[in-house]
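Work through the exercises below with the structure open beside you. Try each task before you read its solution.

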Amino acid sequence: MRWFWIDRFIEFESGRSAKAIKNISLAEDHLHDHFPNYPVMPNSLIIEGLAQTGGLLVCEHGQFAKKVVLAKVPKACFHFDAIPGDTLIYTTTVEYIKEDGARVNATSYKGDTLQAEVEIMFAHLNDPRLGSLFDPETFLGMMCLLRAFEVGRAADGGPLVPPPQLLQAAGLEGLDGWDGGNE
Amino acid sequence: MPTKDEIFEKIQSALVDALGVEDEDVTPEATLVGDLGAESIDFLDIVFRLEKGFDIKIPRGELFPEDILTDAKYVQDGKVTEAGLAELRERMPFADLGNFAENPSVQDFGNMLTVSDMCRFVESKVEVTE
């Protein structure tokens with residue numbers, strides 16, 4: 001299992017909001033334990049998907065310089081179960097981004113129907129001992145795989161581009177979907 | 001311009017949302033850490049809710065001066081020194097440090113702050129209607 005709980009960004013407005021898709025598939029192993037013969041997407045993993053959507057938004061706002069981690073979920077409300085075959089649209093909107101942390105308001109929709117509403121708080125870790133635990137390249141790599149730079153808009157409205165020095169450090173040059181927005 | 005009662009109600013509401021406690025748990029004497037179960041991440045949440053609720057700015061360290069508690073000048077053997085206590089009194093005029101001063105263990109500092117202290121803090125930053 002790879003720890004991706006969203007499949008693709010469909011909108012990414014730097015520092016403001018992001019929207020991502022989560023497709024729920026019977027091919028996902030955990031659904032056969034949750035529950036046997038009655039597969040239901042665990043709400044905790046919906047929260048993780050919303051946290052990835054919002055966390056990458058917060059992380060990109062800081063140019064991937066800060067270590068952003070999920071810290072607190074003040075509120076989570078689920079209106080119905082999500083099941084295999086569903087496509088969930090996760091939307092996260094920045095409430096605030098500060099020196100020590102950030103908060104986003106998040107929703108999950110199935111079509112036009114609200115499936116979940118969640119508040120998510122992130123902390124910015126600055127303990128130097130965590131240097132090797134989180135590389136900025138990790139988050140940048142996720143953004144590329146999730147096609148964020150194909151749909152992303154920077155704060156000035158122009159195309160969102162990854163920081164060049166980070167791309168080089170991550171060895172991601174040449175990866176489709178980010179080539180400085182020159183496609 | 002809010003009254004003192006309105007300030008208390010807004011703080012009560014912020015603490016209920018941030019800490020998941022009930023209205024009746026948030027009494028003036030309740031301590032944030034001991035009685036209401038606040039943890040370090042909750043302080044960031046509480047500060048933001050106060051800033052938004054009262055349209056004020058709370059610079060880092062103004063409500064919870066963690067920089068004093070981690071400064072070797074002011075802490076020795078896990079206890080805040082006299083100089084540290086003086087610094088705390090100056091930085092936190094809204095807080096009642098009497099009990100803490102009797103046994104100023106850094107570990108206990110977090111449990112000192114009460115809802116009343118927070119009300120006094122906000123009253124010092126907004127214009128209060130009597």
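**Exercise 1.** Which residue with a positive phi follows α1(A)?

*Solution.* Start at the helix. α1(A) covers residues 43-61. It is followed by Gln63(A), whose phi is positive, near 60 degrees. Helices here are DSSP runs of H or I with at least four residues, and strands are runs of E with at least two, numbered from the N terminus.

A word on the source: this is a predicted model, where local features need pLDDT of at least 70, side-chain atom pairs count only at pLDDT 80 or more, and totals for chains, interfaces and linings use all residues. Residues are numbered from 1 along each chain as its sequence is written, while chains are lettered from A and ligands numbered from 1 in the order in which they are written.

**Exercise 2.** Compare the span of α1(A) with the expected span, then state how many of its residues are buried.

*Solution.* Step one: count. α1(A) has 19 residues. Step two: take the expected span, 1.5 Å times one less than the number of residues. That is 27 Å, and the helix reaches 27 Å from its first C-alpha to its last. Step three: check burial. A residue is buried if 20 or more other C-beta atoms, placed from the backbone, lie within 10 Å of its own. In α1(A), 14 of the 19 residues are buried, so the helix is largely enclosed by the rest of the structure.

**Exercise 3.** What is the order of the seven strands in the open sheet of chain A?

*Solution.* Two strands pair if DSSP finds at least two bridges between them. Begin with β2(A) and β4(A): they are antiparallel, with seven bridges. Here Ala20(A) has Tyr90(A) as its bridge partner. Next, β4(A) joins β5(A) through nine antiparallel bridges. These two strands form a hairpin with three residues between them. Then β5(A) joins β6(A), also antiparallel, through 10 bridges. Ser108(A) stands opposite Ala116(A) there. The full order is β3-β6-β5-β4-β2-β1-β7, with mixed pairing. β3(A) and β7(A) are the edge strands, each pairing on one side only.

**Exercise 4.** How many residues does each chain bring to the contact?

*Solution.* Residues are in contact if their C-beta atoms, placed from the backbone, lie within 7 Å. Chain A gives 10 residues and chain B gives seven. On chain B, α1 and α2 each supply at least two. The largest share, four residues, comes from α2(B). Finally, place that helix: α2(B) lies across β3, β4, β5 and β6 of chain A.

Definitions and conventions
Contact = placed C-beta atoms within 7 Å. Buried ≥ 20, exposed ≤ 12 C-beta atoms within 10 Å, placed from the backbone. Axes fitted to C-alpha atoms, helices over the stretch in contact; angles between N-to-C directions.
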